[in-house]
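Biologist: Could you show me the structure and walk me through how each label is earned?

Modeller: Gladly, let's have a look together.

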Amino acid sequence: MPKNKKVQDSTDSDTSFEDRTPAKQAKKTQKPTDSDTKDENSFELEKNRKVSVSEFKGKVYVGIREFYEKDGKTLPSKKGISLTVPQWKKLLEQADAINEAIKNF
């Protein structure tokens with residue numbers, strides 16, 4: 001069942017069209033340079049898998065992501081995970097146990 005969209009009546013608004021803040025324009029994209037493609041916070045695991053350290057909304061994350069190539073560009077795929085610093089540290093604490101489990105296979 002489709003949801004009904006609420007249509008705002010023009011008489012409900014107390015501001016005119018001219019009073020509205022204009023929409024932000026998209027930033028112009030620049031062609032990446034060698035310094036852009038070799039990020040010091042990115043580490044290659046395999047050809048199409050990378051680990052990166054980044055900040056988002058004031059928090060630091062460790063991301064593990066798969067990439068793919070399209071039209072000569074390397075782009076991030078949907079396959080990946082971002083860990084908070086406490087989650088990353090917890091993973092590192094478990095490294096010995098994980099390595100031991102790997103040996104058992």
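Modeller: Let's begin with one facing pair: F67 stands opposite P76 in β4. Keep in mind that this is a predicted model.

Biologist: What makes β3 and β4 a pair of strands?

Modeller: Two strands pair if there are at least two bridges between them. β3 and β4 have 9 bridges, in the antiparallel sense, so they count as a pair. I64 also stands opposite I81 in β4.

Biologist: How do you know that β1 and β2 pair, and that β2 and β3 do?

Modeller: The test is again at least two bridges. β1 and β2 pair over 4 bridges, and 8 bridges join β2 to β3, so both pass. Both pairings are antiparallel. As for facing residues, E44 stands opposite K50 in β2, E46 stands opposite R49 in β2, and E55 stands opposite V60 in β3.

Biologist: What links the strands of each hairpin?

Modeller: A hairpin joins β1 to β2 through 2 residues. The hairpin of β2 and β3 has 2 residues between the strands, and K57 takes a positive phi near 50 degrees there. In the hairpin of β3 and β4, also with 2 residues between the strands, D71 takes a positive phi near 55 degrees.

Biologist: How are the strands ordered in the sheet, and which stand at the edges?

Modeller: The open sheet has 4 strands in the order β1-β2-β3-β4, with antiparallel pairing. β1 (42-46) and β4 stand at the edges because each has a single partner strand, so one side of each is left without a neighbour in the sheet. On average, neighbouring strands of this sheet are turned by 30 degrees against each other, direction ignored.

Biologist: Why is the charged end of K50 said to sit over the ring of F67?

Modeller: For Lys, the NZ atom must be within 6 Å of the ring centre and within 35 degrees of the ring normal. The charged end of K50 is 4.9 Å from the centre of the F67 ring, and it is listed as sitting over that ring, so the distance fits the 6 Å limit.

Biologist: How many aromatic pairs are there?

Modeller: The count comes to 0 aromatic pairs. For a pair, the ring centres have to lie within 6.5 Å.

Biologist: Which strands line the second largest pocket?

Modeller: β2 (49-56), β3 (59-70) and β4 (73-84) each supply at least two residues of its lining. β3 gives the most, with 5 residues. The lining includes K50, F67 and P76, and the pocket holds about 190 Å³ of space.

Biologist: What makes up the lining of the second largest pocket by class?

Modeller: That lining has 5 nonpolar, 5 polar and 2 charged residues. K50 and R65 are in the lining, and they count as charged because Lys and Arg belong to that class.

How values were computed
Residues numbered from 1 in each chain as written. Predicted model: local features only at pLDDT ≥ 70, side-chain atom pairs only at ≥ 80, totals over all residues. Heavy atoms only, no water. Phe/Tyr/Trp six-rings, centres within 6.5 Å; stacked < 30°, edge-to-face > 60°. 1 Å grid on protein atoms, 1.4 Å probe; cavity = no way out; pocket = protein on both sides within 12 Å on 5 of 7 lines; lining within 4 Å. Points joined across faces, edges and corners; volume = space filled by probe spheres on them. Axes fitted to C-alpha atoms, helices over the stretch in contact; angles between N-to-C directions.
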